[in-house]
Amino acid sequence: MSPAPPPGSSSEPVPPSRRRSRLAVVLFNLGGPDSPAAVRPFLENLFTDPAILRVPGFVRPLLGKFIAARRTKAASENYAILGGKSPLLELTVAQAQALETALGAEGDTVRCFVAMRYWHPFAEAAARQVRDWGADEVLLLPLYPQYSTTTTGSSADDWAAACRKIGLDLPTRTLCCWHSDEGFAGATATLLRRAYDKARSETPAGTGLRILFSAHGLPESIVKAGDPYQWQVEQSVAAIVRQLGIAGLDHAICYQSRVTPQKWLGPSTEVALEQAAKDGVAVLVHPVAFVSEHSETLVELDVEYAELAHKLGIPGYFRAPAQNSDPAFIAALADLVRQTRDSGRTLCSFAGGRQCPKAHGDCPHARAPRAAAQKAMA
Ligand SMILES: C=CC1=C(C)c2cc3[nH]c(cc4nc(cc5[nH]c(cc1n2)c(C)c5CCC(=O)O)C(CCC(=O)O)=C4C)c(C)c3C=C
Ligand SMILES: [Fe+2]
Ligand SMILES: [Fe+2]
């Protein structure tokens, strides 16, 4: 990722007429607390986001703060296991640096920036960096393979608001979803295959091994309102399983991290573990909606579900790693950025509601993700 260029260095702003077009790639992620004191305000930012808490505007600030206050103890305990903070920023910055290096052939014409949704660095800080660098165009790259109004949609709206606030008005495209991208699926399948072979070798002979593709959950009402997330998760799993190429692979999709009392997508990862116990199979859990490690992989999967699996008597519990800065994954992201830049089009595998065209076409919600997605769904 790019720090502000030192004054007098060769990367000082150059008059637009004398240089090639500069592309700012803005990596979106959720963000996480950077200290124990940050847990509560981080949660307040999350629960007062209208994309997350869908209640009338006048109720949201109070209700959001109330929910955040109630969640603070449990979340703080999770972050305490990780040393009192989320590792998400460091890992996202490392991904941004690796992506910038992978795009190095483009010289000084592509730079990567990080914009987090609920904790620093916020979109406004990233937008100021983009402006100070002298970008000519922007590509928004959510580190969520599957589009959800609660993640990519929310971050894109937040980015647009930040740009309006600081008066930044550049041609902007959004790589809004890449759930079935072959490079992403291939890099993921390679990591998963390594974990699968290891798990297989450590599972007693004659005992089955099931891959649980565990995605972040979402309230069912959000999916019913037109959010394509669940469908895209299913597309990701199909693409990864195809690339794994293991005949007769035992696998299932489940959903983790439920945090509110409403009905969420199912089956939950707990229920999937209970089923594995009944079936007497070992499990290998792959976090399919996250491309970096954070509290929901390092605590929920590695501690809480590992304990549950042990309690249920599951004959083996294994976890596949998230991609982080895996070179093949970063190369896949770099390809997506290059294809978008070269074609001058927005890559999108979510066009026209539930239709997922094989060829990447123009994205119907590139400019106004939420509004156009809703229109496409209508
Ligand atoms: C109603 C609440 C939530 C919805 C909907 C939701 C969707 C959603 N979230 C991610 C990815 C991440 N979530 C993370 C943390 C996190 N998420 C929620 C709530 C909802 N998420 C909370 C309350 C928290 C804080 C942690 C906690 O209290 O347990 C994180 C970051 C975690 C970190 O360690 O930094 C990510 C990443 C997706 C992909 C998603 C829907 C598609
Ligand atoms: Fe979440
Ligand atoms: Fe799209």
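A residue counts as near a molecule if its C-beta atom, placed from the backbone, lies within 6 Å of it. By that rule 24 residues surround ligand 1, and G32, A75, S86, H294 and S295 come nearest. The elements giving two or more residues to this shell are α1 (39–47), α2 (60–81) and α10. Helices are DSSP runs of H or I, at least four residues, and strands are runs of E, at least two, numbered from the N terminus. The largest share, 3 residues, comes from α2.

This is a predicted model: local features need pLDDT of at least 70, side-chain atom pairs count only at pLDDT 80 or more, and totals for chains, interfaces and linings use all residues. Residues are numbered from 1 along each chain as its sequence is written, while chains are lettered from A and ligands numbered from 1 in the order in which they are written.

Where does ligand 1 lie relative to domain 1 (36–81) and domain 2 (182–319)? Both domains give residues to its shell, so the ligand lies between them. The domain bounds come from an automatic or database assignment.

Now the annotated site. An unreviewed UniProt entry lists H216 and E296 under "binding site"; such annotations may be inferred rather than shown by experiment. The two are spread over 81 residues of sequence, yet the largest C-alpha distance is 8.5 Å.

H216 sits in strand β5 (residues 209–216). E296 belongs to helix α10 (residues 295–312). H216 counts as buried because 24 C-beta neighbours lie inside 10 Å; the cut-off for buried is 20 or more other C-beta atoms within 10 Å, with exposed at 12 or fewer and partly exposed in between. E296 is buried too, with 23.
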